[in-house]
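Work through the exercises below with the sequence and the model side by side. Try each task before reading its solution.

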Amino acid sequence: QVQLVESGGGLVQAGGSLRLSCVASGTIYRINAMGWYRQAPGKQRELVARIISSSTTNYADSVKGRFTISRDNTKNTVYLQMNSLNPEDTALYYCNSRVTPFLGGTEFTYWGQGTQVTVSS
């Protein structure tokens, strides 16, 4: 089993910045990918950013140029630096990770509990 614990959410004014962190712990042989999704009230959960290796990243078009995802493999941690925030970024942000628990094992997908980001205008 793997646990994902997010932190760093909060209330910020438009134009401000926040940094989210997510730490993975538990039975981990290899973390294949880590990422962030978000869900605003009344909307579907959507991919914000994903990092597969230190150099392979994907971003939603709406956050390109404003958000940066990074990963510290030594700490099993993924970060999301969010700059130039606007009210449309308000959502519950979830950490996601694809993990192989042991050598030769099946990959599993895990989710964190979510951290709230609220951007006021």
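**Exercise 1. Where in the chain is Tyr29 placed?**

Before starting, note that this is a predicted model: local features need pLDDT of at least 70, side-chain atom pairs count only at pLDDT 80 or more, and totals for chains, interfaces and linings use all residues. Residues are numbered from 1 along each chain as its sequence is written, and side-chain values use heavy atoms, with hydrogens and water left out.

Step 1. Tyr29 sits in the loop between strand 3 (18-26) and strand 4 (30-39). Strands here are DSSP runs of E with at least two residues, helices are runs of H or I with at least four, and both are numbered from the N terminus.

Step 2. Check its cover. Tyr29 has a relative accessible area of 43%, so it is partly exposed. The scale: buried is under 20% relative accessible area, exposed is over 50%, and partly exposed is in between (1.4 Å probe, protein chains only).

Step 3. Look for partners. Tyr29 forms a nonpolar surface patch with Phe102 and Leu103; together they have about 360 Å² of accessible area. Patch residues have over 30% relative accessible area and no salt bridge; nonpolar side chains (Val, Leu, Ile, Met, Phe, Trp, Tyr) are joined within 5 Å, like charges within 9 Å. A salt bridge puts a side-chain nitrogen of Lys or Arg within 4 Å of a carboxyl oxygen of Asp or Glu. The areas come from the Shrake-Rupley method with a 1.4 Å probe, and for residues only the protein chains shown count as cover.

**Exercise 2. Describe the chain as a whole.**

Step 1. Count the elements. The chain has 0 helices and 11 strands.

Step 2. Judge the packing. The radius of gyration is 14 Å, close to the 14 Å from the globule rule for 121 residues, so the chain is as compact as a globular protein of that length. The radius is taken over C-alpha atoms, and the rule is 2.2 Å times the number of residues to the power 0.38.

Step 3. Add the box and the burial. The C-alpha atoms fill roughly 50 × 25 × 20 Å along the principal axes. Of the 121 residues, 40% count as buried.

**Exercise 3. Which residues form one aromatic cluster?**

Step 1. Start with the total. The whole structure holds 3 aromatic pairs. Rings of Phe, Tyr and Trp (its six-membered ring) pair if their centres lie within 6.5 Å; planes under 30 degrees apart are stacked, over 60 edge-to-face, the rest tilted.

Step 2. Take one pair. Tyr37 and Trp111 are edge-to-face, 4.9 Å centre to centre, with 65° between the planes. Tyr37 lies in strand 4 and Trp111 in strand 10 (residues 108-111), so the pair ties together parts 74 residues apart in sequence.

Step 3. Take another. Tyr94 and Trp111 are also edge-to-face, at 6.5 Å and 85°. Tyr94 belongs to strand 9 (residues 91-100), 17 residues from Trp111.

Step 4. Compare the cover. Tyr37 is buried at 18%, and Tyr94 is buried at 12%. Trp111 is partly exposed at 38%.

Result: Tyr37, Tyr94 and Trp111 make up the cluster.

**Exercise 4. Which residues does Phe108 touch, not counting those up to four places away in sequence?**

Step 1. Phe108 is in strand 10 and is partly exposed at 42% relative accessibility.

Step 2. Its contacts (heavy atoms within 4.5 Å) are Ser97, Arg98, Val99 and Pro101, with residues up to four places away left out.
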